[in-house]
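Please keep the structure open in a viewer while reading. Each stop below names a selection and then describes what is to be found there.

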Amino acid sequence: MDEKYFPEKIEEKWQRFWEESGAFEAESDASREKRFYCLEMLPYPSGFLHMGHVRNYSIGDALSWFRRLQGFNVLHPMGWDSFGQPAEQAAIKRGVMPREWTEKNIEHMRGQFKRMGFSFDWRREVTAHTPEYYKWDQWFFLKMLERGLAYKKVSPVNWCPAEGTVLSNEQSSGGVCWRCGAAVEKRDIEQWFLRITDYAEQLLEDMSEIERGWPERVLTMQRNWIGKSSGAYIDFQVRDTDERVRVFTTRVDTIYGANAVVVAPDHPLVEHSPVKDDVRRFAERVRAERAAARDPGAQEEKEGVNTGLLAVNPFSGELIPVWAGNYVLTEYGTGAVMSVPAHDERDFEFAQKYSLPIRRVIERISHEQPPAERDPGVEDQSVAMKEAFTEYGILVNSGDWSGRLSEGAIREMAEFAEARGFGERAVTYRLRDWGVSRQRFWGAPIPIVYCDACGVVPVPESDLPVVLPERAEFTGSGQSPLAGVPEFVNTTCPKCGKPARRETDTMDTFVDSSWYFFRYCDPKNARAPFDREKVAYWTPVDQYIGGVEHAVMHLLYTRFWTKFMRDIGLINFNEPVKRLMTQGMVVAETFYREGEEPGSKVYFNPADVDVVRDDKGRVSSATSTADGQPVTVGPFEKMGKSKNNGVDPNEMITAYGADAARLFVLFAAPVENDLRWQEAGIDGALRFLRRVYSFVHRWRESFGGVTRDAAAAGGFSPEAGRLRHETHRTIERVTNDFEGLRYNTAVAAMMELSNALGDFRVAPGSAAPSDRFAVRETLEALVLMLAPFAPHLSEELWEALGHEGGILRSGARWPAFDEALARKDEVEIAVQVNGKLRGRVSVAAAATEEETRAAALADERVRAWTDGKQMVKTVVVPGRLVNVVVKQ
């Protein structure tokens, strides 16, 4: 063992050992009932990892080490979500084929993962762009087609002009592209859909199975996206046209208060507007503003434009205007709502802005007056009402329906509309079928052939996979590059053998990520997506870790896919993941100069900026290392390519070591919170690791022949007893923290234990057997608890303490704590006199209030402030505080 800690040397040694010994390889083993599947969301191979990625994978790796040390059979795999638009953009910009660009990136990122020492079972690596993987994407598509869950139709789709492809509703929420932020257009395109709506009710109901293990925020986002509503469809006839505009409402009891019908800016009815050019300009502005905001979830100021159309309220016969409003979305409901400002907060805000009339038609139920006396009249109440009344109540100003209670009126009015032919009772969902067609080359080909004689023909399963060609022409025109590859397009019909054409759209990449973790269980299977028995052993996933931004895309799609796999007999459960943890982002400083285009910015990588800071760490000046000219310091933002503020883990490994980098990202903030990147924090982590290393180096040769029995026979000194107490208390704390993924407090507890070890003043050479046993017990426990955070160093120290074969291969187990030792015999009590601290006393942990009070009043330092004074009262907070109140 070297006298000093050299991270690079130690990390290379143990990474080589892990790979050669297969330390992290896992197999399904029925004899091992304790098993654990730990999974992080697989990365897109964009080119390199940054410290934001390191945090995500460090969280899962720490948990995997913890479970292994607890005796679990742990599956911890890794793969690549390697299809996608960025590879095509690279092909257009750099003239390199997507496969070449992607595989080069994978090679680099795999190397970064290995330098970090993550405990992945690399034998199970899956890569979405390989035929061995996407063959099963195609197989699943055919199975859905057989069951009527896959279908093709012409539909208005969300089109991203910047990326030249279709987006699902989830990917274009708020009218902007989820990836690039460009304003989304509507186009009529024939494309393939999957009927996720057939599973809408199950997706809601089965949340009861995961609500204890998933963040409520994610479940709420999914509930809202699925958007189940019970109510009625109501048709409003548009005057002077044959058109009807259908709205969905959960509060048909308020329809007499409707002051307008409000449609989405791109609703088809707009084409009948006498001012449709104005409405189109409004729609374009809404899309542009959403794109510029780069935050589709942000609250927008409600805006609209009068279309000049009038609609007839089918209940009252009243003519009301038709407006286009930015708060109505095409993908939600019917893309039209009836505006009832007196009883809807959103409509109230809209009416106030545009001075639209507000008529109250629901009154709070009161038993003091009969309904007729409560009717406020039909006059406009836009001034009288200060806010919308959204509760149920009693109907007023509602013709023959006045006097009825809301609950009954909702049912009866829906039945009335249905009987009269202008409406119907309905349960609706915001969720729409999943459009999976993409006009890309770099995706899984859709296994469909078009034959003039036979029509749409699925490719036989025996002919899968339909393999992507090696090369294509990338023009950026928006048409799938596959359409320009004759050897791919031209084929023969599987039914009649005549010439036919292949489908040239490819699948949405979220198809690949909807089931990849099942493939990890059996990654080499050439006969099926996976072996059912192997999957049954490992799944559902015990712990999944990833970003909350995937709540209504990947996490919803994978739940749908799991239910489909259940329905075709591949699995026997409803939900894919037992526990989900959504980690916070790593945010870092940004540095930029104004670009040539107005409002644009050119971002600098932090490594290319010379920064001078004051004594509080604030930036005093920042200049480019290239030209010495000033650059502007921007706010902390999420690490990534767009802001060029990603920190390369290789640089941190070279400077501090992988263990210090891992320890820092897990210690600096709770895992669910954002982490503010400060490189100086890694230096603090490195100092802690050096201290632990020095403890082992100092003591390791003094432990020969020390046993628990020999130590106990001689009795433990007070110092050794205190150290053992701190050790067992720390084991208890760290164990509990791991169960709750509270890594930052676990590290803090270990740092406190190292302080206790530093306070142990006995020299190794003169230590009694009991002292040496206490120190060895502490060091072995500390090394094992540190292993999930700093595995390379822990392996080195475990070996230095006399254990051979590596921590996992030697059968080491997570340290157990002794409850009696973890309990404190004594506690320190602060003593105040008139609210000011005047002393501290030690009392038995089980001391009564009277015993605690007596000890406090007997303390000489306290008596200096109480003797000769009248005592008013004494307040005891057990285990913490005594406050003595005296007259001055």
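Begin by selecting Thr 562 and its surroundings in this predicted model. Leaving aside neighbours within four places in sequence, Thr 562 is in contact with Phe 518, Ile 571, Phe 573, Asn 574, Glu 575 and Pro 576. The residue belongs to helix α17, which spans residues 554–567. Is Thr 562 buried or exposed? With a relative accessibility of 0%, Thr 562 counts as buried.

**Strand β12 and its two partners**

Next, select residues 319–325, which form strand β12. Five of the seven residues of β12 are buried, so this strand is largely enclosed by the rest of the structure. Add residues 260–263, strand β10, to the selection: three bridges join β10 to β12, and the two run parallel. Within this pairing, Val 262 stands opposite Trp 323 in β12.

Then add residues 304–312, strand β11. Here seven bridges make the connection to β12, and the strands run antiparallel. Leu 309 has Val 322 of β12 as its bridge partner. The hairpin of β11 and β12 has six residues between the strands, and in this hairpin Gly 317 takes a positive phi near 80°.

**A pair of packed helices**

Two packed helices are described by the angle between their axes and the distance between the axes. Select helix α20 (residues 680–699) together with helix α25 (residues 791–800). Their axes come within 10 Å and cross at roughly 10°. The two helices are therefore roughly parallel to each other, as the angle falls under the 35 degrees used for that description.

To display the contact, show the side chains of Leu 689, Val 692, Tyr 693 and Val 696 in α20, which meet Leu 793, Leu 797 and Ala 800 in α25. By class, the residues of this contact divide into seven nonpolar, no polar and no charged.

**A four-stranded sheet and the helix across it**

Move on to the open sheet of four strands, whose order is β33-β32-β35-β34 and whose pairing is mixed. Which strands lie at the edges? They are β33 (836–844) and β34 (871–877), each of which pairs on one side only. From one strand to the next, the twist averages 20°.

For a view inside the sheet, select strand β32 (residues 826–833) and strand β35 (residues 881–886); four bridges join them, and they run parallel. In this pairing, Gln 832 stands opposite Asn 883 in β35. Then add residues 849–858, helix α27, which lies across β32, β33, β34 and β35. Helix α27 runs at about 120° to β34.

**Unusual backbone geometry**

Most residues other than glycine have a negative phi, and most peptide bonds are trans. The following selections depart from one or the other pattern.

- Leu 464 and Pro 465: the peptide bond from Leu 464 to Pro 465 is cis, with omega near 5°. Pro 465 is found in the loop between β20 (455–458) and α13 (486–489).
- Thr 539 and Pro 540: a cis peptide bond joins these residues, and omega is about 0°. Pro 540 sits in the loop between α16 (532–538) and β24 (541–546).
- Ser 355: phi is near 55°, a positive value in a residue other than glycine. Ser 355 is located in the loop between α10 (345–354) and β14 (362–363), and at 66% relative accessibility Ser 355 counts as exposed.
- Leu 741: phi is positive, about 55°, although Leu 741 is not a glycine. The loop between α22 (718–739) and α23 (743–758) holds Leu 741. With a relative accessible area of 6%, Leu 741 is buried.

**Cysteines without disulfides**

As a last stop, select Cys 454 and Cys 496 and show their sulfur atoms. How many disulfides does the structure hold? The number is zero. From the sulfur of Cys 454, the closest cysteine sulfur is that of Cys 496, at 3.7 Å, which is too far for a bond. A disulfide would require the two sulfur atoms to be within 2.5 Å. From the sulfur of Cys 496, the closest cysteine sulfur belongs to Cys 451, at 3.6 Å, again too far for a bond.

Colouring by accessibility completes this stop. Cys 454 counts as partly exposed at 27% relative accessibility, and Cys 496 is partly exposed with a relative accessible area of 34%.

Notes: Residues are numbered from 1 along each chain as its sequence is written. This is a predicted model: local features need pLDDT of at least 70, side-chain atom pairs count only at pLDDT 80 or more; totals for chains, interfaces and linings use all residues. Side-chain values use heavy atoms; hydrogens and water are left out. Two strands pair if DSSP finds at least two bridges between them. Axes are lines fitted to C-alpha atoms, for helices over the stretch in contact, and angles run from 0 to 180 degrees between N-to-C directions. Contact means heavy atoms within 4.5 Å. Buried means under 20% relative accessible area, exposed over 50%, partly exposed in between (1.4 Å probe, protein chains only). Angles under 35 degrees count as roughly parallel, over 145 as roughly antiparallel, 65 to 115 as roughly perpendicular and the rest as oblique. Ala, Val, Leu, Ile, Met, Phe, Trp, Tyr, Cys and Pro count as nonpolar, Asp, Glu, Lys and Arg as charged, and the others, Gly among them, as polar.
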